[in-house]
Amino acid sequence: LNFQLTILGTSAAVPYKNRGLAAQVLEVHNRLFLVDCGDATQFRMHTHGIKLSKIEAIFISHLHGDHCFGLPAVLTTLAMQGRTAPMHIFAPKGLKRMIDTIFEVSNYVSPYPIYIEEFDENWFAQPESGFKTTIYENKQLRVRAFPLMHRIPTCGYVFEEKQAPRNIIAERIAQYDIPHTAISGIKNGENFTTKEGFVIENEALTRAPNKPRSFAYASDTRYSAAIIPHILGVDLLFHEATFMHNMAEHAAFSGHSTAQEAATIAQLASAKRLIIGHFSARYTDLSPLLLEAKAVFENTELADDFTTYFVEKS
Ligand SMILES: [Zn+2]
Ligand SMILES: [Zn+2]
């Protein structure tokens, strides 16, 4: 069962050469989740062979155009493809007004339900613990949101695979004559009592499942240690790195991070792996940003348009 991230755009603010605007597709057990939706997202998905129709939910970090101006186009194309399933969208407050206004002036009514759940001022003002709640879940996955520090209200997201039940060892079923009615309890950790009254410990009947995998998305944001508790131990962290550290002052002023700062966050959060992206168009060659990040956090990679990053089972 897969857990993989495909990056469709790595450029900040404006498209640059072969770098598109922010959009990523997270695929978990063959189900797709769109994270940010800069303009041309639907076209970039199409050319890369990712089926728009398979998107289950959409997570928008903030309402700057480079992260969401592709959304009305995605939503209307889905309608033309005959979508009937509801679409759930998460975003800071304002997205609903944006989409409603666009649809209204276009005299457009969506044929399938669109539910936009917004994070308002109260949500952003909540104490730390308030952000631990799940905002979205299905059988395989749960999603949490947390606040970033940008020029307008901005959310990061953490996608966590749910813990799978324990794997039953097939030979034990015959060995202890385990009825199928007892299987689900055993997978969930119960012991088994044989007809003769012997208790067989769960560890003797099952193997531990794979560890749940996780992905965190942090863009756009200036350096903020406050996000660390939300992303602790994450397998894959995408953190923006718009600038190099010689522009740290400008980065902080404009609500962005440097490569060194992104790496520091990954280091402090004990992330397993870091992808940096959202690059300023001032950088044609990105290798200095990679070097700068790697000096702090070795397991760093550059985000690359149309590249898929796999998180393997462990
Ligand atoms: Zn941006
Ligand atoms: Zn922004």
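In this predicted model, the side chains of K195 and D177 come together in a salt bridge, with N and O 2.5 Å apart. K195 sits in the loop between β11 (192-193) and β12 (199-200), while D177 sits in the loop between α6 (170-175) and α7 (183-187), so the contact ties together parts that are 18 residues apart in sequence. As for solvent, K195 is exposed, with a relative accessible area of 69%. D177 comes out as partly exposed, at 48% relative accessibility, because the exposed class starts only over 50%.

That pair has company: a search of the whole structure turns up ten salt bridges. Among them is the one between R44 and D305, whose closest N and O atoms are 2.5 Å apart. Here R44 belongs to helix α1 (residues 41-47) and D305 to the loop between β17 (300-302) and β18 (307-310), so this bridge ties together parts 261 residues apart in sequence. Both partners fall under the 20% limit for buried residues: R44 is at 15% relative accessibility and counts as buried, and D305, at 11%, counts as buried too.

Another of the salt bridges joins K162 and E137, at 2.8 Å from N to O. It links distant parts of the chain, 25 residues apart, with K162 in the loop between β9 (155-161) and β10 (167-168) and E137 in strand β7 (residues 134-137). K162 is partly exposed at 22% relative accessibility, and E137 is partly exposed as well, with a relative accessible area of 45%.

Strand β7, home to E137, also brings the sheet into view. This is an open sheet of seven strands with mixed pairing, and its order runs β7-β8-β9-β14-β15-β16-β17. β7 and β17 stand at the edges with a single partner strand each, so one side of each has no neighbour in the sheet. On average, neighbouring strands of the sheet are turned by 20° against each other, direction ignored.

At the β17 edge, strand β16 (residues 274-277) pairs with β17 in the parallel sense over three bridges. One residue pairing to look for is L274, whose bridge partner in β17 is T300. Helix α12 (residues 287-294) packs on the sheet here, touching both β16 and β17, and its direction makes about 165° with that of β17.

Then there is the metal site. Four residues coordinate the zinc ion (ligand 1): D66 through OD, H67 through NE2, D220 through OD and H278 through NE2, at 2.2 to 2.3 Å. Along the chain, these donors follow the spacing D-H-x152-D-x57-H. The four donor atoms subtend angles of 92 to 161°, which makes the arrangement irregular. A tetrahedral label would need all angles to lie between 85 and 135 degrees, so the upper end of that range, 161°, rules it out.

Two of the zinc-binding residues, D66 and H67, can be placed with respect to solvent. D66 counts as buried at 10% relative accessibility, and H67 is buried with a relative accessible area of 0%. D220 does double duty, as it bridges the zinc ion (ligand 1) and the zinc ion (ligand 2), and these two ions lie 3.5 Å apart.

Note on methods:
Residues numbered from 1 in each chain as written. Chains lettered and ligands numbered in written order. Predicted model: local features only at pLDDT ≥ 70, side-chain atom pairs only at ≥ 80, totals over all residues. Heavy atoms only, no water. Salt bridge = Lys/Arg side-chain N within 4 Å of Asp/Glu carboxyl O. Helix = DSSP H or I, 4+ residues; strand = E, 2+ residues; numbered from the N terminus. Buried < 20%, exposed > 50% of the residue type's maximum accessible area, 1.4 Å probe, protein only. Donors = N, O, S within 2.8 Å, 3.2 Å for Na, K, Ca; no water. Tetrahedral: all angles 85-135°; square planar, octahedral: opposite > 155°, others 65-115°. Pairing = 2+ DSSP bridges. Axes fitted to C-alpha atoms, helices over the stretch in contact; angles between N-to-C directions. Contact = heavy atoms within 4.5 Å.
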